[in-house]
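Reader: I'm in my first year and still learning how to look at a protein. Could you pick one part of this one, go through it closely, and then show me what's around it?

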Amino acid sequence: MAVIQAGEPVSPVFRESCTPVARNLLHSLYRRLVFACVLIVLSNVPLMFQLTLIYVLFFSTGKGDKPSCGGYPASIFIIVINEFCERFSYYGMRAVLVLYFKYFLLWDDNLATVIYHAFAALCYFTPLMGAIIADSWLGKFKTIIYLSIVYAVGQVIMAISAIHDLTDNNRDGTPDNYTVHIALSMTGLLLIAFGTGGIKPCVSAFGGDQFEEHQDKQRGRFFSIFYLSINAGSLLSTIITPILRGEQCGIHTKQQCYPLAFGVPAALMFVALIVFISGSKLYKKVAPQGNILAEVCSCIGFAIKNRFRNRSKAIPKREHWMDWAKEKYDERLIAQIKMVVKVLFLYIPLPMFWALYDQQGSRWTLQATTMDGNFGAITIQPDQMQTVNPILILILVPIVDGCLYPLIRKCNLNFTPLKKITVGMFLAALAFIAAALVQIEIDKTLPKFPNADHVQLRVLNLDPSEVTITYLTESPKPAVPSTVKLPSLEADQYKTLTASTPMEVTIQYGNVSWSYTNPQLEGKSRYTLLVNKNTANRISDITKKPEQGQNAIRFVNNIVNTAANISVDGQWLQTVDYMDVSNYTMVKSGTKKITVSLPAGTECSQQTINFGFGSAYTFVIDQCSPSGLKLNSTEEIQPNSVHMALMIPQYFLLTAGEVVYSVTGLEFSYSQAPSNMKAVLQGGWQLTVAFGNVIVLIVAGASRLSEQWAEYVLFAALLFAVCIIFSIMAYFYTYVDPAEIEAQFDDPDRKKKEKELEGNPYENGDGPYSQTKM
């Protein structure tokens with residue numbers, strides 16, 4: 001297919017194949033889309049002017065026949081653009097959601113994971129609601145418009161909820177009333193869930209409605225392009241929104257820019273809505289036909305009720321429990337429901353796959369926050385690692401479909417759809433084993449902070465002479481007290497002491513020895529003891545590893561009897577007295593320029609070491625003179641040393657499992673479903689995703705596992721068990737031909753007509769497409 005170039009709305013290929021009406025229309029829509037983007041940027045334009053311009057650009061379309069282009073209805077190009085914008089909006093918002101919960105709302109990992117997966121589950125429960133509204137009441141077109149408005153409003157509320165200045169009355173950079181932000185966030189997420197879930201079953205089906213019955217080939221290609229637009233929107237949004245999140249913004253104080261990270265997806269949702277409405281006069285709109293799902297549920301309910309009424313042993317049994325519905329429903333419908341129920345039974349174990357798959361956006365993103373994202377020329381944010389999935393999808397789908405499956409067929413291996421699904425689950429379980437191995441390596445590098453019964457202490461020698469330190473209250477108490485010799489301006493490793501016992505340390509400089517004692521200290525604390533020949537000063541240390549790629553630094557003034565004014569990269573930090581310490585300040589990776597000015601007017605500066613991610617340092621200012629600044633660093637917490645590249649194998653295994661599992665699952669469902677109940681099984685497939693997220697929130701909420709790697713192993717073990725159960729169920733499953741079964745209940749003329757129209761559901765390329773990203 002030819003590509004529409006910038007500055008040339010329709011390429012030469014399109015000029016030859018499009019009708020004049022279509023060419024003019026596409027040219028017009030191209031200009032309108034550009035003006036729409038300009039309009040969004042120019043937010044200061046008066047409202048009346050905006051509304052007038054929107055009407056001129058999008059609602060003043062000419063009348064005439066429905067135009068076509070290259071054999072495709074012109075309307076499908078609008079639908080594809082709409083889907084790209086909508087998926088960008090959804091995945092852009094979701095990419096930063098778990099970090100918003102953790103770092104803005106200050107929720108712990110478990111609560112952030114639970115709410116994230118509760119939201120994801122709701123997004124996959126609501127498609128049933130959207131299908132019922134569209135099929136029974138409003139029709140697809142109106143349902144998409146109304147629920148898109150709900151969706152866009154939800155995105156705007158999410159952006160507003162992330163503005164820290166909204167309740168930051170004391171202007172310290174943190175909200176004063178978190179309840180307001182939580183209430184707004186939950187309201188926004190509920191509206192988004194109803195919006196995105198409600199339009200999910202409508203957009204692709206609405207696109208399919210635009211084709212005539214003889215356009216099977218074009219319809220199949222449309223779904224390929226449609227799925228490509230989904231992955232393109234997902235890929236771009238998971239790259240862009242984490243970058244926006246990393247920016248600093250605010251009215252009074254600058255913080256990470258979650259309002260921008262949520263605001264851009266909100267703007268894209270409005271673009272999606274405007275683009276969709278702009279093609280109103282081009283669409284083929286099918287009136288609501290009634291909801292087959294309601295009829296199926298009614299028939300099943302009647303069968304169960306009738307069987308319960310006739311449970312007496314005197315009443316003859318029937319071959320299948322659905323046969324108890326024959327008193328009210330025709331046999332053709334009952335036979336169709338039997339096929340559906342047979343497939344739905346196979347769906348029971350499937351949610352476990354999605355329980356693992358959707359943790360890419362929660363647990364795996366949190367895992368990436370403790371890793372090194374430096375890839376040389378670029379630095380990868382933790383939430384950007386999710387882009388590996390859509391990239392691998394675009395690579396693996398053609399390889400699997402074009403090379404792997406044909407090779408398996410040439411080897412005469414019977415690789416049935418259910419076997420493919422089993423392999424997909426096995427690969428996903430292996431992905432979590434890989435994630436557990438990476439987590440074990442991460443845990444080796446993480447600091448061991450004290451518990452409630454202990455404190456940790458280290459000594460920093462500020463004297464020019466060497467010092468000998470003896471710890472008298474170490475826990476557990478050694479046979480011989482630990483003794484450490486420290487050169488000038490160096491610190492030892494943390495020693496663990498009992499919190500309930502007064503701290504006692506012996507300090508010896510040459511022949512001069514004295515003891516430092518301190519009353520009972522509070523547990524879970526870390527301290528540094530600053531010592532020289534004359535005095536000692538105990539200071540509190542950081543007790544949490546810096547996150548979000550930040551590094552914690554502070555400064556000790558060792559210039560005798562002189563206060564030091566300290567600046568970092570030109571920004572004034574604090575004035576520090578002799579033998580005292582500044583507060584911690586957070587800095588990003590890279591080197592920083594430290595400037596010190598003294599009351600006498602002397603100013604000196606020096607570049608720091610190259611910071612990584614997640615470290616903490618204490619810098620000792622030992623000398624400031626015209627010759628320069630003498631700055632010495634001691635490491636409190638080491639930087640993240642496990643590289644994010646180690647996550648690529650787990651992403652590869654999970655994505656390979658998705659390609660084999662998801663596309664095959666929909667293909668299997670499509671081939672085994674009756675002609676009028678394919679949508680029912682599509683809805684059933686979406687519910688497996690929803691229940692998968694429910695499993696995660698249950699495990700995350702109830703789990704008492706203290707180690708994250710153990711939780712990964714638990715999920716892998718559960719999926720391995722489900723994999724075995726499913727393979728047994730698949731062994732006893734008998735494949736059916738729905739058209740053949742339905743034909744048994746049709747009159748000869750109808751049978752002949754349906755065989756002519758249906759044939760093989762895949763021979764024209766009009767098969768199902770994976771809706772993992774939909």
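**A buried charged pair and its surroundings**

Author: R554 counts as buried, at 1% relative accessibility. One thing to keep in mind as we go: this is a predicted model. D541 has a relative accessibility of 8%, and anything under 20% is called buried, so D541 is buried as well. The side chains of D541 and R554 meet in a salt bridge, with 2.5 Å from N to O. Where do these two residues sit? D541 is in the loop between β12 and β13, while R554 belongs to strand β13, so their salt bridge ties together parts that are 13 residues apart in sequence. There is also a network of salt bridges with shared partners, made up of K102, D109, K544 and E547.

Let's zoom in on one link of that network. D109 and K102 form a salt bridge through their side chains, at 3.0 Å from N to O. Here the surroundings are mixed: K102 is buried at 11% relative accessible area, whereas D109 is partly exposed at 30%.

How many salt bridges does the structure hold? There are 17, and another one makes a nice contrast with our starting pair. E441 and K444 join side chains at 3.1 Å, N to O. Both of them lie in helix α17, three residues apart, or about one turn of the helix. K444 is exposed, with a relative accessible area of 59%, and E441 is partly exposed at 37%.

Now back to D541 and the strands that come before its loop. Strand β11 (residues 525-531) and strand β12 (residues 536-540) run antiparallel and are joined by five bridges. A hairpin of four residues links β11 to β12. If you want one pair of partners to find on screen, try L529, whose bridge partner in β12 is R538.

Keep going past R554 and you leave strand β13 (551-557) for the loop that leads to β14, which is where N561 is found. N561 has a positive phi of about 55°, and it isn't a glycine. Why might that catch your eye? Most residues other than glycine have a negative phi. N561 is exposed, with a relative accessible area of 69%. Now compare M579, in the loop between β15 and β16 (585-587). Its phi is also positive for a non-glycine residue, near 65°, but M579 counts as buried, at 7% relative accessibility.

Those two loops border strands of an open sheet. Four strands make it up, paired antiparallel in the order β15-β14-β17-β18. At its edges are β15 (571-576) and β18 (603-607), each of which pairs on one side only. From one strand to the next, the twist averages 20°. Inside the sheet, β14 (residues 564-568) and β17 (residues 593-597) pair antiparallel over four bridges, and I566 has V596 as its bridge partner in β17.

What about the nonpolar side chains? In soluble globular proteins, these tend to be buried together. The largest nonpolar core here has 140 residues, and L97, Y100, F101, F119, F262, W364 and M425 are the ones with the most contacts inside it. Helix α17 (residues 417-445) supplies the largest share of this core, twelve residues. Another core lies apart from it, with 20 residues, including I469, V505, V531 and A536. To see how one member of the largest core is packed, look at L97: leaving out neighbours within four places in sequence, L97 is in contact with Y116, F119, M158, L189 and F262.

Finally, step back to the whole chain. You'll find 22 helices and 20 strands in it, and buried residues make up 52% of its 774 residues. Among contacts with a separation of 6 or more, 73% are between residues 24 or more positions apart. The chain exposes about 34900 Å², with carbon and sulfur atoms supplying 60% of that. So, the pair we began with is a buried aspartate and a buried arginine, meeting in a salt bridge between a loop and a strand.

Technical notes: Residues are numbered from 1 along each chain as its sequence is written. This is a predicted model: local features need pLDDT of at least 70, side-chain atom pairs count only at pLDDT 80 or more; totals for chains, interfaces and linings use all residues. Side-chain values use heavy atoms; hydrogens and water are left out. Buried means under 20% relative accessible area, exposed over 50%, partly exposed in between (1.4 Å probe, protein chains only). Contact means heavy atoms within 4.5 Å. Accessible areas come from the Shrake-Rupley method with a 1.4 Å probe; for residues, only the protein chains shown count as cover. A nonpolar core is a set of buried Ala, Val, Leu, Ile, Met, Phe, Trp, Tyr and Cys residues joined through side-chain atoms within 4.5 Å. Two strands pair if DSSP finds at least two bridges between them. Axes are lines fitted to C-alpha atoms, for helices over the stretch in contact, and angles run from 0 to 180 degrees between N-to-C directions. A salt bridge is a side-chain nitrogen of Lys or Arg within 4 Å of a carboxyl oxygen of Asp or Glu.
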